[in-house]
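Grab your viewer and work through a few short exercises on the model below. Try each task yourself before you read its solution.

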Amino acid sequence: MIVTDGVSEYLAGLRPEPDPVLAEMEAHAQRDGIPVVVAQTGRLLYVLALATRARRVLEVGSAIGVSTLYLARALGSDGAVVSFEIDEQRHAAARRYLERAGVADRVELRLQDAREGLTALEGNFDMAFIDGIKGQYAEYFELLLPRLAPGAVLAVDNVLMSGTVAENSSDGHWSEEQIAGARAFNQRLLTHEGLTGTILPVGDGVLVAVRK
Ligand SMILES: C[S@@+](CC[C@H](N)C(=O)[O-])C[C@H]1O[C@@H](n2cnc3c(N)ncnc32)[C@H](O)[C@@H]1O
């Protein structure tokens, strides 16, 4: 969608074989139509968390735990991913999968609206990943920004919405309103005085920024 089919197939072919738990989670997401990160985005999160030696990571939108698993695997046993999800069934499934994957000791799954949870958070985080409802991205961002330590990395998924954000035209799935919201959000973050960022055409578009 964002890159050519040939590039997309090539990149997918380079993917290391997923372990059985991750493969099961992906099959679950596919079967039930749950939107989760594609493998390249998951790998990008993993690399970013490793590169920054992240210890405390914040996530908005755990769903069934696919992106949470990539993040948790990059942390040592003293690390923690605090992840918010509002859907009870998805939250429960994430808990089961992450236990089976052996990372439950470093994951704090919270069944709570992130907009409430982020307000009550204390302490600093080394990395954050925004992947909740697209229309709420600006709210998540404003609430989590004060929790990012200098040098912390922020990643945001779906910032290109199948390419519609660049084309500035609806494809029937993403509405004109959602596209306008995404364009304003991208502009705000990339010109924000407290961040240095860029957008990568990975998956559905990932904005990556460092907290100054
Ligand atoms: C795109 S999915 C997350 C996928 C997950 N990050 C992954 O890649 O494996 C978005 C999730 O955010 C959840 N969500 C939506 N609004 C939320 C909110 N205000 N607080 C917490 N979670 C929310 C939805 O229920 C949904 O499961």
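The exercises go from helices to salt bridges, a loop residue and the ligand. This is a predicted model, in which local features need pLDDT of at least 70, side-chain atom pairs count only at pLDDT 80 or more, and totals for chains, interfaces and linings use all residues. Residues are numbered from 1 along each chain as its sequence is written, and side-chain values use heavy atoms, with hydrogens and water left out.

**Exercise 1. Work out which residues of helix α5 are buried and which are exposed, and what covers the buried ones.**

Step 1: find the helix. Helices (H or I, at least four residues) and strands (E, at least two) are DSSP runs, numbered from the N terminus. Helix α5 covers residues 88-100, and its 13 residues reach 19 Å from first C-alpha to last, close to the 18 Å expected at 1.5 Å a residue. That expected span is 1.5 Å times one less than the number of residues.

Step 2: sort by burial. Buried means under 20% relative accessible area, exposed over 50%, and partly exposed in between (1.4 Å probe, protein chains only). In α5 the buried residues are H91, A93, A94, Y97 and L98. Looking down the axis of α5, you'll see these buried residues fall within an arc of 160 degrees, so they line one face of the helix. The arc is taken from the directions from the helix axis to the C-beta atoms. An α-helix has 3.6 residues a turn, so residues three or four places apart point the same way. Over on the other side of α5, E88, Q89, R96 and E99 are exposed.

Step 3: look for the cover. The elements over the buried residues of α5 include α2, α4 (66-73), β2 (80-85) and β3 (107-111).

Step 4: check the ends. At the N-terminal end, D87 caps α5, with a side-chain oxygen 3.0 Å from the backbone nitrogen of Q89. After α5 comes G102, whose phi is positive, near 80 degrees.

**Exercise 2. Find what the buried residues of helix α3 pack against, then zoom in on T41.**

Step 1: check the length. Helix α3 (residues 39-51) has 13 residues that should span 18 Å at 1.5 Å a residue, and its end C-alpha atoms are indeed 18 Å apart.

Step 2: list the buried set, which is A39, T41, G42, L44, L45, L48 and A49. These residues pack against α4, β4 (125-130), β5 (148-157), β6 (195-200) and β7 (206-211).

Step 3: zoom in. T41 has 2% relative accessibility, so T41 counts as buried. Leaving out residues up to four places away in sequence, T41 touches D157, V202, G203 and V206; contact here means heavy atoms within 4.5 Å.

Step 4: step past the helix. Just after α3, R53 takes a positive phi of about 50 degrees.

**Exercise 3. Which parts of the chain do the salt bridges E26–R15 and R188–E142 link?**

Step 1: set the criterion. A salt bridge is a side-chain nitrogen of Lys or Arg within 4 Å of a carboxyl oxygen of Asp or Glu. The whole structure has 11 of them.

Step 2: take E26 and R15, whose side chains meet at 2.7 Å, N to O. E26 sits in helix α2 (residues 20-32) and R15 in the loop between α1 (5-13) and α2, 11 residues apart. R15 is partly exposed at 27%.

Step 3: take R188 and E142, which meet at 2.9 Å, N to O. R188 lies in helix α9 (residues 176-190) and E142 in helix α7 (residues 137-144), so this pair ties together parts 46 residues apart in sequence. R188 is partly exposed at 38%, and so is E142 at 39%.

Step 4: look for a network. D113, R115 and E139 are linked by salt bridges.

**Exercise 4. Is R106 buried or exposed, and what does R106 touch?**

Step 1: place R106 in the loop between α5 and β3. At 15% relative accessibility, R106 counts as buried.

Step 2: list the contacts. Setting aside neighbours within four places in sequence, R106 is in contact with A72, L75, G76, S77, G79, A80 and V81.

**Exercise 5. How many residues surround the ligand, and which are the closest?**

Step 1: count. There are 22 residues around the ligand, and the closest are V37, G61, S67, E85 and R90; a residue counts if one of its heavy atoms lies within 4 Å of the molecule.

Step 2: pick out atom pairs. A backbone N or O atom of G61 lies 2.7 Å from a ligand nitrogen, and a polar side-chain atom of E85 lies 2.6 Å from a ligand oxygen.

Notes:
Polar contact = N/O pair within 3.5 Å; in protein donor to acceptor, adjacent residues only side chain to side chain.
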